[in-house]
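Work through the exercises below with the sequence and the coordinates side by side, and try each task before reading its solution.

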Amino acid sequence: MTPPSLTLILPGYNEEASIEEAVRSALALLAGLAPEHEIVIVDDGSTDGTPALADRLAAESPAVRVIHNPVNLGVGISVLIGFHAATKDVVLHSAMDRPFDLADLKEVLPLFPAADVVAIVRTDRTAHAPWRKLTSWVNHWMIRLLFRCGLRDMNFVQLYKREVLQRVRVKAKSPAFVTPELLIRARDQGFRIVEARLPFHPRRAGKANYGKPRDILWTLADMLSFWLERGFGK
């Protein structure tokens, strides 16, 4: 069976230590797994060498495009910007520190076209710092409580048919609630969501930007707004 065409969204803020290896390895892997592909880099207002490196990578490969946010907007908005720019049949978002091994797409792509969305479930989070483990656990259980959602991992990596992204609109913009809201709305609209358990890979270089107090409050505000919109979670 011919694999679907694929858009890979790579948002990043100050990722000069990771971006080149992330993009070059992605190009090499996608050539064998999804011959018709594109990579959309969303530079989120980086202040280091990330913008220049992104532009150079795009100049070297017609499969790479770059979007530069004028200021740092956060990973949630950056992912949405990437989704809007995608042109291929299936759209995948990941991070420049490569927490998801693209080689594992050989296990995931065959799930299409039967699935509309594939949500990757991390099999091991031991590499996470204690603070990130705590905030992730609280976020996950609040979503399960407020929205009665049985999905096991909504803040890692997902693959969507582009049709889903065109038909489902989210209001959240916060780092940790954009994809949960998208998944819940997709479920409500009858799209078929399948889970796939695959390894998580710890950051190899650079600095993580998760768990800031502002982002936590922003996420809570988005979560509660959606809960109220749905009539207290239905």
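**Exercise 1.** Which residue in strand 3 is the bridge partner of Val42?

Solution. The model is a predicted one. Begin with the strands themselves: strand 2 (residues 37–43) and strand 3 (residues 64–68) run parallel and are joined by five bridges. Within this pairing, Val42 has Ile67 of strand 3 as its bridge partner. Finally, follow the chain between the strands, where helix 2 (residues 50–60) completes a right-handed β-α-β unit with strand 2 and strand 3.

**Exercise 2.** Determine whether Val23 is buried or exposed, and list the residues that it touches beyond four places in sequence.

Solution. First locate Val23, which lies in helix 1 (residues 19–33). Its relative accessibility is 0%, and because buried means under 20%, Val23 counts as buried. Next come the contacts: leaving aside residues up to four places away in sequence, Val23 touches Leu10, Ile39, Ile41, Leu57 and Val64. As a distance check, the C-alpha atoms of Val23 and Ala58, which are 35 residues apart along the chain, are separated by 9.7 Å.

**Exercise 3.** Classify the ring pair formed by Phe147 and Phe177, and place both residues in the chain.

Solution. Searching the whole structure gives five aromatic pairs. For Phe147 and Phe177 the ring centres are 5.9 Å apart and the planes stand at 35°, so the pair is tilted. Phe147 belongs to helix 5 (residues 130–147), whereas Phe177 sits in the loop between helix 6 (162–167) and helix 7 (178–188), so that the pair links distant parts of the chain, 30 residues apart. Both Phe147 and Phe177 are buried, and ring pairs link these two residues with Phe226 into a cluster.

Conventions
Residues numbered from 1 in each chain as written. Predicted model: local features only at pLDDT ≥ 70, side-chain atom pairs only at ≥ 80, totals over all residues. Heavy atoms only, no water. Phe/Tyr/Trp six-rings, centres within 6.5 Å; stacked < 30°, edge-to-face > 60°. Helix = DSSP H or I, 4+ residues; strand = E, 2+ residues; numbered from the N terminus. Buried < 20%, exposed > 50% of the residue type's maximum accessible area, 1.4 Å probe, protein only. Contact = heavy atoms within 4.5 Å. Pairing = 2+ DSSP bridges. Right-handed = clockwise from strand over helix to strand, strands pointing away.
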